[in-house]
Amino acid sequence: MKEKPDSIPAELMEYERFIEELLNDTKHPVHNRAHPLHKESVKALDEMMRRVEEMRNEWLSKG
């Protein structure tokens with residue numbers, strides 16, 4: 001049985017940092033329903049968060 005790696009993969013950390021920064025950016029279209037790109041931004045964020053969750057689960061299952 002493989003041991004779970006001690007450190008979180010760099011790619012996963014980068015995605016999580018990016019998402020955190022985006023969520024803290026109150027001027028980003030994802031926070032403004034009136035912005036023309038709001039729906040597309042929310043959809044892209046949802047897809048990114050789904051992918052990050054898949055990456056996290058894959059990493060955790062390697063243990």
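**Reading a two-helix model, starting from His38**

Modeller: His38 is buried, with a relative accessible area of 12%, and this residue is found in helix α2. Please keep in mind throughout that the model is a predicted one.

Biologist: Why does His38 count as buried?

Modeller: Burial is judged against a cut-off, which is under 20% relative accessible area. His38 has 12%, so it counts as buried.

Biologist: Which residues does His38 touch, leaving aside those up to four places away in sequence?

Modeller: With those set aside, His38 touches Pro29, Val30, His31, Asn32 and Arg33. Val30 appears again in a polar contact, where the side chain of His38 reaches the backbone oxygen of Val30 at 3.3 Å.

Biologist: Is Ser41 buried or exposed?

Modeller: Ser41, which also lies in helix α2, counts as buried at 15% relative accessibility. Not counting residues up to four places away in sequence, Ser41 touches His28, Pro29 and Val30.

Biologist: How should I read the packing of the two helices?

Modeller: Two packed helices are described by the angle between their axes and the distance between the axes. In this case, helix α1, residues 10-24, and helix α2, residues 38-61, pack at an angle of about 150°, and their axes are 10 Å apart. The crossing in which α1 passes α2 is left-handed.

Biologist: Which residues make that contact?

Modeller: From α1 the contact takes Glu11, Leu12, Tyr15, Glu16, Phe18, Ile19, Leu22 and Leu23, while α2 contributes Leu45, Met48, Met49, Val52, Met55 and Arg56. Sorted by character, the residues of this contact of α1 with α2 comprise eleven nonpolar and three charged, with no polar ones.

Biologist: Where is Arg51 placed, and how far in space is it from Leu12, C-alpha to C-alpha?

Modeller: Arg51 has its place in helix α2, and although 39 residues separate Arg51 and Leu12 in sequence, their C-alpha atoms are 9.7 Å apart in space. Arg51 has a relative accessible area of 39%, so it is classed as partly exposed.

Biologist: What does the secondary structure of the whole protein come to, and what share of its residues count as buried?

Modeller: The secondary structure comes to two helices and zero strands, and 17% of the 63 residues count as buried. The protein exposes about 5,300 Å², of which carbon and sulfur atoms supply 52%. As for the contacts with a separation of 6 or more, 59% of them are accounted for by residues 24 or more positions apart.

Methods
Residues numbered from 1 in each chain as written. Predicted model: local features only at pLDDT ≥ 70, side-chain atom pairs only at ≥ 80, totals over all residues. Heavy atoms only, no water. Axes fitted to C-alpha atoms, helices over the stretch in contact; angles between N-to-C directions. Helix = DSSP H or I, 4+ residues; strand = E, 2+ residues; numbered from the N terminus. Left-handed = near helix turned anticlockwise from the far one by under 90°. Contact = heavy atoms within 4.5 Å. Nonpolar A, V, L, I, M, F, W, Y, C, P; charged D, E, K, R; others polar. Buried < 20%, exposed > 50% of the residue type's maximum accessible area, 1.4 Å probe, protein only. Areas by Shrake-Rupley, 256 points an atom, 1.4 Å probe, with all protein chains shown as cover. Polar contact = N/O pair within 3.5 Å; in protein donor to acceptor, adjacent residues only side chain to side chain.
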